[in-house]
Amino acid sequence: MSQSDIETLRTQPVAVFDHLIDGQSVPASDGQRMTVISPLDGRPLTSCARGTIADADAAITAARRAFDDGRWSGLAPAARKKVLLKWADLIEAQALDLAVLGVRENGTEIGMALKAEPLSAAATLRYYAEAIDKLPGEIAPTDPAFLGLVHREPVGVVAAIVPWNFPLMIGAWKFAPALAAGCTMVLKPAETASLTLLRVAQLAVEAGMPPGVFNVVTGAGSVVGARLAESMDVDVLVFTGSGATGRRLLEAAARSNLKRVYLELGGKSPNIIFADAPDLDEAAKVSAQGIFRNSGQVCIAGSRILVERSIHAAFVEKLAAQAAEIRVGDPLDSQTQAGAVNSERQLRQNLEFVAEARAAGRTVIGGARLREETGGYYMAPAIIADAQPDDRVFRDEVFGPVVTVTAFDTEAEAVALANDTTFGLAAAVWTSNLSRAHRMVRKIRAGLVHVNTYGGSDLTVPLGGVKQSGNGHDKSLHAFDKYLDLKTAWVKL
Ligand code: ADP
């Protein structure tokens with residue numbers, strides 16, 4: 001990734017984008033378009049189709065037809081694998097173009113975007129493509145007068161509704177296992193991160209994916225997303241986004257065909273630093289990265305630091321020093337470590353949390369709006385150094401570069417504070433005491449508990465929440481559970 005390559009791509013005109021339905025690029029049924037605003041400068045970047053109910057229905061119909069006639073589900077797994085591997089190669093070959101396009105649309109710093117978006121999507125496709133012809137069914141250990149066979153069958157039409165923070169990575173966590181399993185799909189990107197998913201869907205066609213197997217419909221969540229959720233023809237709905245939307249999706253599933261709904265709904269993840277952490281400087285550095293990368297727009301961000309009282313002051317000082325070193329700026333500068341906040345709305349919400357903490361008399365370090373003259377949405381990392389459990393910023397997900405720090409005295413108090421949340425996505429414990437580390441892993445209610453690190457878990461392990469952070473898992477072979485049904489054949493011999 002050279003800066004001059006990025007500079008060439010930065011100014012390239014961006015085409016206008018339409019839906020990808022049944023292998024074709026098609027505009028909205030009523031011709032309406034959505035303007036895509038770049039968070040880098042607050043200016044229009046391009047436009048894409050503003051999807052209608054009819055568009056969602058057309059995509060669902062195409063996916064249903066493609067599933068039912070077996071053009072994809074009926075192939076040998078190895079044949080699907082071939083297409084998916086080719087698709088991964090095409091994505092990888094265009095990785096920098098895709099990354100720059102994505103950054104211009106959603107503001108993530110380019111270094112992270114390149115790795116976490118196209119390259120991660122290609123790796124995810126390869127992982128599930130390689131796995132799918134290595135998952136045998138079962139022969140049950142039953143009475144020899146009978147034969148019990150357990151088949152794994154694709155569940156059918158899957159709808160995916162994905163967010164704007166990592167559209168390709170999170171999108172691929174869903175479409176790669178679903179398509180490898182033989183399902184067909186309709187994917188709805190977030191309003192502020194549609195372009196790279198549309199590009200990648202076009203590459204699927206180039207790779208030989210039959211029409212109708214993978215469809216992308218852009219537009220408002222309340223129109224296209226809602227239609228997918230209430231459809232009688234969608235078998236499984238997978239979602240990453242807010243709890244409020246997650247609730248709506250469950251209600252829509254209950255009102256329609258009882259489709260299975262798998263939700264990933266963010267978190268308020270505790271990052272617990274004991275005085276016996278192996279290296280406090282490392283803990284401060286990694287904790288800063290764990291909340292401030294991608295401007296805090298990471299579902300598993302360690303947004304609630306809990307620190308043993310004896311090291312509270314020392315830790316806050318180290319964390320503030322790390323935060324001050326984070327280079328916030330132009331996301332297309334490869335030296336930048338935190339780019340633009342995704343939208344004006346998100347920036348406003350972040351700044352409100354900081355202002356509220358300051359008004360409540362909390363010690364606030366950083367948190368100012370930056371680079372306003374660019375017209376873009378930039379913000380300095382914010383540390384609320386003495387947050388209390390009743391503070392809104394301690395309880396609600398900010399989804400921005402805002403971290404709270406709260407002191408505790410005992411291990412039991414650390415556990416109580418960590419679990420004092422409706423969320424349960426991720427957590428971390430920093431300690432040199434092996435027994436304490438494992439005790440904490442057991443006691444913290446979260447789907448992912450880091451020990452002496454934060455972030456960076458790879459594809460080989462599952463990611464999913466407990467409590468109101470959701471259900472079901474992305475990543476790892478367990479992701480197939482959402483897309484493959486078990487069917488029993490019970491045969492009298
Ligand atoms: P955020 O507040 O982080 O944008 P949302 O839950 O609103 O989180 O958005 C995540 C995804 O859900 C986006 O693709 C968005 O368009 C979609 N969405 C929003 N509202 C609805 C809805 N009522 N029904 C279905 N999808 C929705």
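How many bridges pair strand 6 and strand 21, and in which sense? The answer is given in the legend of Figure 1.

The model shown in these views is predicted, and local features are described where pLDDT is at least 70, side-chain atom pairs count only at pLDDT 80 or more, and totals for chains, interfaces and linings use all residues. Residues are numbered from 1 along each chain as its sequence is written, and side-chain values use heavy atoms, with hydrogens and water left out.

**Figure 1. Strand 6 and its partners, strand 5 and strand 21.** Strand 6 (residues 146-154) and strand 21 (residues 484-492) pair in the antiparallel sense over 9 bridges. Strands, like helices, are DSSP runs numbered from the N terminus (strands E, at least two residues; helices H or I, at least four). Two strands are said to pair if DSSP finds at least two bridges between them. H151 has K487 of strand 21 as its bridge partner. Strand 5 (residues 138-139) also runs antiparallel to strand 6, and 2 bridges join them. In this pairing, I139 stands opposite L149 of strand 6. The connection from strand 5 to strand 6 is a hairpin through 6 residues.

**Figure 2. The surroundings of K487 in strand 21.** Is K487 buried, exposed or partly exposed? K487 counts as partly exposed because its relative accessibility is 40%; buried means under 20% relative accessible area, exposed means over 50%, and partly exposed lies in between (1.4 Å probe, protein chains only). Residues up to four places away in sequence aside, K487 touches L149, V150, H151 and E153, where contact means heavy atoms within 4.5 Å. The side chains of K487 and E153 make a polar contact of 3.0 Å. A polar contact is a pair of N or O atoms within 3.5 Å; within protein, one atom must be able to donate a hydrogen and the other to accept it, and residues adjacent in sequence count only if both atoms are side-chain atoms. K487 also illustrates how folding joins separate parts of a chain: K487 and R152 are 335 residues apart in sequence, yet their C-alpha atoms are 6.2 Å apart in space.

**Figure 3. An open sheet of 7 strands.** The strand order in this sheet is 14-17-18-13-12-19-20, and the pairing is mixed. Strand 14 (364-366) and strand 20 (448-451) are the edge strands, each of which pairs on one side only. From one strand to the next, the twist averages 20°; the axes behind such angles are lines fitted to C-alpha atoms, for helices over the stretch in contact, and angles run from 0 to 180 degrees between N-to-C directions. Within the sheet, strand 17 (residues 382-384) and strand 18 (residues 402-408) run parallel and are joined by 3 bridges. I383 has V403 in strand 18 as its bridge partner.

**Figure 4. N271 in strand 12.** Strand 12 comprises residues 270-273. N271 is classed as buried because its relative accessibility is 1%. The side chain of N271 makes a polar contact of 2.8 Å with the side chain of W430. Beyond residues up to four places away in sequence, N271 touches S287, R304, I305, L306, A428, W430 and Y454.

**Figure 5. The ligand and the residues around it.** The ligand is surrounded by 19 residues, of which V162, K188, E191, S242 and T245 are the closest; a residue belongs to this group if one of its heavy atoms lies within 4 Å of the molecule. Three side chains are picked out here, each by a polar atom and its distance from an oxygen atom of the ligand: W164 at 3.2 Å, E191 at 2.7 Å and S242 at 2.7 Å.

**Figure 6. Two loop residues with positive phi, L258 and S295.** Most residues other than glycine have a negative phi. L258, in the loop between helix 9 (243-255) and strand 11 (260-264), has a positive phi near 60°. S295, in the loop between helix 10 (280-292) and strand 13 (304-308), has a positive phi of about 50°. L258 is exposed, with a relative accessible area of 66%, whereas S295 counts as buried at 2% relative accessibility.
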